[in-house]
Structure formats: structure tokens, C-alpha cells
Amino acid sequence: MDALRTWVFRIFFYGMSIVMVLLVPIAALFGTRVLRAHANFWAWQLQWLVRTILGARLRIEGSVPEGQLLFAAKHESYFEALELTRMLGSPATVMKRELTKIPLWGWAAQRYGTIVVDREANAAALRSMMREAQKARATGRSVLIFPEGTRVPPGEAPPLRSGFAGLYRALDLPVVPVAVQSGAVWPRKGLMHPGEIVFRFGEAIPPGLPRREVEARVHAAINALNGG
């Protein structure tokens, strides 16, 4: 049954995604607000498919905070990459540079207002990321980062990438950690399963803390659902 669910979901999700990406140039003609609404509609469609085809439901623990913030989230599947942008009011999301090389999608992501970072995270790349993040801050947008750098299997807790601490210092915003449990429903490899996807919003951590302290607090908070 899981094999059938997986293939039906993939056919609908990737088919829908191709259509949504092809429509991006049209949405972009009407400005950034319409482009972001287009992205939010894509995320809504994904949530509907996850609920209807996979039989999975989303549970939110804690309150979704308002205001301009830095969000640091766990990353186990593609689900949160789309759903959090919708839920958090279209924040500027930190995205790996290699994703911008995907035809049309990369252009669309940059028009949307993502913050591009190189995987190597050398000094020049980090300075470029900080400049883009500060531009986003100046427009009043929140920023979303997956500080462990990539999708990880449930239960794993790799260290935070160096870019998080620099972003936290440069933006001077409270950081809200978001624990995510989605990998059991949508694993990086293999079949998908029914179940529950959980987002847990932690308490806001004030700006200006020493690097080791803020990294330790964020790392613990985004991994709070591990094994739970």
C-alpha cells in the first residue's frame, strides 16, 4: 500500500510542480506580491496532497510567532521547505546556490527573494549571504534558515553550519527555533508513509548572545522531537 501511495503522490506532486514552475514567469509579470502568493498556493497544494494521498496530517505545537524574526528550522523533507514559507508569511529563505542552476526554478527562486549561499561557505560566500540577508531585513521580511545545511534522517543531529552564527549576528533579530518531524512520512529515500508531521515552535532567543550559547540553544531546540 505504501508503494502505491508513494507513486501516486509523486505523479501528482511532480506533475503539479512542473505546472507551477512553468507559470512562474506569468506570475512574476504582476510583481513580487503575486509571485509570493503563487508560491503559497503551491505549498497549499502540497499540504492537500500529503493529507489526501499519503494520509498524513500536520500538527503544530506552540504559537506561530509574528513580527520580523530569524527562523531556524530542522530539515527532514521537502514538506517544510514549502510549508514554512507559506506559514511564516513568505520569509526570505536561505537556499543552496546549486538549486539556482535548475532551469527556470532557479530564476523563480531568486525573483521570490531567496538568500543564496555556497556550500563551501568560504569568507566571500558568507559575506555575500550576509549582504543579501541584510537587504531582506531592510524590507521588513523575516529570514528562514535550515542551519544543519541539508535534509537529515529522523534521529540525526549534525552540528550547525557556520553560516547560522554569522546570520544571527548580522541580522540582530530574535531567533525562533522550529523542531520538525517529517522524515518518517517523507523520507529522503524509499517509500512514503501515512502518519503525522509535527512542527514545534520554540521560545524566541534574543539577539546578541555569544556564538556558542546561541548555537547550543538552537541545536537543542530544533532537535527536540528526535526520538519523540
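What span should the 21 residues of helix H1 have at 1.5 Å a residue, and how far apart are its end C-alpha atoms?

**Entry 1: helix H1.** I am working from a predicted model. I took H1 as residues 2-22 and, at 1.5 Å a residue, got an expected span of 30 Å. The end C-alpha atoms lie 30 Å apart, so the expectation and the model agree.

I then listed the buried residues of H1: Thr 6, Phe 9, Phe 13, Met 16, Ser 17, Met 20 and Val 21. Their directions cover an arc of only 130 degrees around the axis, which means they sit on the same side of H1. I noted the general reason for such spacing: an α-helix has 3.6 residues a turn, so residues three or four places apart point the same way. On the face turned away from the buried side I found the exposed residues Leu 4, Trp 7, Ile 11, Ile 18 and Leu 22.

**Entry 2: a nonpolar patch.** Which residues make the nonpolar surface patch of about 600 Å²? I recorded Val 19, Leu 23, Ile 26, Leu 29, Phe 30 and Val 34. I looked up Leu 29 separately and placed it in helix H2, residues 24-29. Its relative accessibility is 71%, and Leu 29 therefore counts as exposed, the cut-off being over 50%.

**Entry 3: salt bridges.** How many salt bridges does a search of the whole structure find? The search gives 9. I kept in mind that side chains of opposite charge can pair when their charged atoms come close. I went through three of the pairs.

Glu 196 pairs with Arg 57, and the closest N and O atoms are 2.8 Å apart. This pair joins distant parts of the chain: Glu 196 belongs to strand E7 (residues 195-201) and Arg 57 to strand E1 (residues 56-61), with their positions 139 residues apart. I read 27% relative accessibility for Glu 196, so Glu 196 is partly exposed. For Arg 57 I read 53%, so Arg 57 is exposed. Both residues also appear in a network of salt bridges that links Arg 57, Arg 59, Glu 61, Glu 196 and Arg 200.

Glu 83 and Arg 86 form a salt bridge at 2.4 Å, N to O. They are 3 residues apart in helix H4 (residues 78-87), so about one helical turn separates them. Is Glu 83 buried or exposed? At 0% relative accessibility I entered Glu 83 as buried. Arg 86 has a relative accessible area of 31% and is partly exposed.

Glu 215 and Arg 211 meet in a salt bridge at 3.2 Å, N to O. Here the two residues are 4 apart in helix H8 (residues 211-222), which again comes to about one helical turn. The relative accessible area of Glu 215 is 18%; because buried means under 20%, I entered Glu 215 as buried. Arg 211, at 46% relative accessibility, is partly exposed.

**Entry 4: the whole chain.** I finished with the overall figures. The secondary structure comes to 8 helices and 7 strands. The radius of gyration is 17 Å, close to the 17 Å that the globule rule gives for 228 residues, so the protein is as compact as a globular protein of that length. The C-alpha trace spans about 50 × 45 × 30 Å along its principal axes. What share of the 228 residues counts as buried? I recorded 46%.

Note on methods:
Residues are numbered from 1 along each chain as its sequence is written. This is a predicted model: local features need pLDDT of at least 70, side-chain atom pairs count only at pLDDT 80 or more; totals for chains, interfaces and linings use all residues. Side-chain values use heavy atoms; hydrogens and water are left out. The expected span of a helix is 1.5 Å times one less than its number of residues. Buried means under 20% relative accessible area, exposed over 50%, partly exposed in between (1.4 Å probe, protein chains only). The arc is that of the directions from the helix axis to the C-beta atoms. Patches are made of residues with over 30% relative accessible area and no salt bridge: like charges are joined within 9 Å, nonpolar side chains (Val, Leu, Ile, Met, Phe, Trp, Tyr) within 5 Å. Accessible areas come from the Shrake-Rupley method with a 1.4 Å probe; for residues, only the protein chains shown count as cover. A salt bridge is a side-chain nitrogen of Lys or Arg within 4 Å of a carboxyl oxygen of Asp or Glu. The radius of gyration is taken over C-alpha atoms; the globule rule is 2.2 Å times the number of residues to the power 0.38.
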